[in-house]
Amino acid sequence: MSPADGVTEHGGVDPASPAPVSDLSPYGEQGAPFDRRSPFYYGFIGALGALTAFWLFQAVLGIGSVLMLVIVSFFLAAGLNPSVEFLERRGLRRSLACAAVIILALGTVALFLVAIVPVISDQISAITKNAPGWLDQLQENKRIQELNEEYHILDKAKEKITDENFISALFGGALGFGLKIISALFNLFVIVVLTLYFLASLKTTTGALYKLAPASRRDRVSRLGDKVIHNIGSYVSGAFLVALCAGLTSLLFLSFTEVAEYAVALAFVVAVLDVIPMIGATLGAVIVSSIAFATDVRTGVACVIFYVIYQQVENYVIYPRVMSKSVDLPGAVIVIAALVGTALLGVVGALLAIPVAAAILLVIREVVVRRQDAR
């Protein structure tokens, strides 16, 4: 009988022959597992996690503008959703209700563009044309004359206003101005399209998100999520209703003053700025009153009195009644939320801050507080 491979005739092991190989592990025996308590392991995993987090952070910054469009579109869809639900409660299917609300919204925007924008454009041109005359009237004031002689403020302002390239220079020249107009129109188109999609598939989208929650908590998560969306929609629609009241009231008042020829443009400015929490109404009142003072002192005084009275009515009558069912926030929380939102995202952050704060406070009350009470 011939000797086995690797075994000598005397029964010894040939050192030059390879080690025996098991049938179960043809590539040899496994080594000891890597020691997860090793400092190298912790350092490698920690560094890998930090790099991944930094990459995600950079990715979010890179798509920040797109995320902003998505967030604004979602808030607009939530603002239109109460109208859709109103039609649904009247027996209309959601698809038909969405179509009706969308057609009404687009029709309103189109009517505004056709009927109001040309008037606003003409009145803004008139304001720009008359602004140098208002500056000349300001120069009659002795104190302003002293400041102008020392700093040449009015002269520089008049030079800028009368410059034909003033508007385009604000946007970086004619090419920059055109590019910004194209970018604004594109963003508007994206917002409209995303709003339509969100509005049509709001229940489907939220239902898919709710399924990510555990089955034992899915019902509670769904109820809280629906309440948050309802509050956001009520706030957005309420904010636009309050702004509409401010614009129409200003239009009615200004139509009987010396600045009646600019009434539509100024009322539009008041309505747009009134959407901004806290400071929007004040900014609108300051702008209108300044132009009124430059036109006629008595008109300026009347504007100041009117807006002081109107803001009290808005703050204590209109706003509480409109917002009573949407947000329930202490005054300090509203101020802090608006300041933080403005610091983070500017005007858009100020608009979104209050409904987001209301949503966070609702979650804290229903989840954190109740959990603490149950202990």
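Which residues does Ile229 touch, not counting residues up to four places away in sequence? I found Phe74, Ala78, Leu202, Thr206 and Tyr210. Contact here means heavy atoms within 4.5 Å.

Ground rules first. I worked on a predicted model, with local features needing pLDDT of at least 70, side-chain atom pairs counting only at pLDDT 80 or more, and totals for chains, interfaces and linings using all residues. Residues are numbered from 1 along each chain as its sequence is written, and side-chain values use heavy atoms, leaving out hydrogens and water.

**Cores.** I looked up the largest nonpolar core (buried Ala, Val, Leu, Ile, Met, Phe, Trp, Tyr and Cys residues joined through side-chain atoms within 4.5 Å). It has 20 residues, and Ile229 is among those with the most contacts inside it, as are Phe75 and Leu329. Helices H2 (64-89), H9 (202-210), H10 (218-254) and H14 (331-373) each supply at least two residues of this core. H14 gives the most, with eight. Another core lies apart, with 18 residues, including Val259 and Ile318. Helices are DSSP runs of H or I, at least four residues, numbered from the N terminus.

**Thr195.** I placed Thr195 in helix H8 (residues 173-200). Thr195 counts as buried because its relative accessibility is 7%, and buried means under 20% relative accessible area, exposed over 50%, with a 1.4 Å probe and protein chains only. Leaving aside neighbours within four places in sequence, I see Thr195 in contact with Ser73, Leu76, Ala77 and Leu80.

**Ile309.** I then checked Ile309 in helix H13. Ile309 is exposed, at 53% relative accessible area.
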